[in-house]
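Open the model in your viewer and keep the selection panel at hand. The tour goes stop by stop.

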Amino acid sequence: MNDVAEQVIAIIAAQAMLAVTDVTPDSRLSDLGVDSLALVESIFAIEEAFDVTVPFNANQPDTAAFDISTVGTVIAAVEALIARKAA
């Protein structure tokens, strides 16, 4: 697993109050107990950790350009934001 994946998993695990080992790329955020507040806190933590701006609207999470369906899709989206910033 790469550094981005490990950091995103650590952030989500902390917000869900779970052990890092309980969070996998296949985990659905809803199954981990990540509620709307924990999701927003996770987004803020991701933005701070990676110095990126996440295109996410907490009022309309289903229409966001940032896929939050699973931990793996969050990791992929963060990697894409990092790559876009580096380009």
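**Stop 1: the cavity.** Select Ile12, Leu29, Leu39, Ser42, Ile43, Ile46, Phe66, Ile68 and Val74: these residues line the largest cavity. Keep in mind that this is a predicted model. The cavity holds about 30 Å³ of space. A search of the whole structure finds one cavity of 30 Å³ or more.

Now colour the lining by class. Eight of its residues are nonpolar, one is polar and none is charged. Which helix gives the most to this lining? Show helix H2, residues 36–50: H2 contributes four residues, the most.

**Stop 2: helix H3.** Stay with Val74, a lining residue of the cavity and one of the buried residues of H3. Add the others: Val71, Ile75, Ala77, Val78 and Leu81 are also buried residues of H3. Look down the axis of H3. Its buried residues fall within an arc of 165°, so they line one face of the helix. The general rule is that an α-helix has 3.6 residues a turn, so residues three or four places apart point the same way.

Turn to the other side of H3. Arg84 and Ala86 are exposed there. Then turn back and see what lies over the buried residues: the cover includes helix H1 (3–16) and H2.

Check the length of H3 with the distance tool. Its 16 residues, at 1.5 Å a residue, should span 22 Å. The end C-alpha atoms are 23 Å apart, which agrees.

**Stop 3: leucine 81.** Select leucine 81, in helix H3 (residues 71–86). Is leucine 81 buried or exposed? It counts as buried because its relative accessibility is 11%, and the cut-off for buried is under 20%.

Show its contacts, leaving out residues up to four places away in sequence. Leucine 81 touches Val52, Thr53, Val54, Pro55 and Phe66. Phe66 is also among the residues that line the largest cavity. Draw a C-alpha to C-alpha line from leucine 81 to valine 54: the two are 7.7 Å apart in space and 27 residues apart in sequence.

**Stop 4: serine 27.** Go to the loop between H1 and H2, where serine 27 is found. Its relative accessible area is 12%, and serine 27 is buried. Which residues does serine 27 contact, leaving aside neighbours within four places in sequence? Select Asp22, Leu32, Thr70 and Val71. The last of these, Val71, takes you back to the buried residues of H3.

Terms used
Residues numbered from 1 in each chain as written. Predicted model: local features only at pLDDT ≥ 70, side-chain atom pairs only at ≥ 80, totals over all residues. Heavy atoms only, no water. Helix = DSSP H or I, 4+ residues; strand = E, 2+ residues; numbered from the N terminus. Buried < 20%, exposed > 50% of the residue type's maximum accessible area, 1.4 Å probe, protein only. Contact = heavy atoms within 4.5 Å. 1 Å grid on protein atoms, 1.4 Å probe; cavity = no way out; pocket = protein on both sides within 12 Å on 5 of 7 lines; lining within 4 Å. Points joined across faces, edges and corners; volume = space filled by probe spheres on them. Nonpolar A, V, L, I, M, F, W, Y, C, P; charged D, E, K, R; others polar. Expected span 1.5 Å × (residues − 1). Arc of directions from axis to C-beta.
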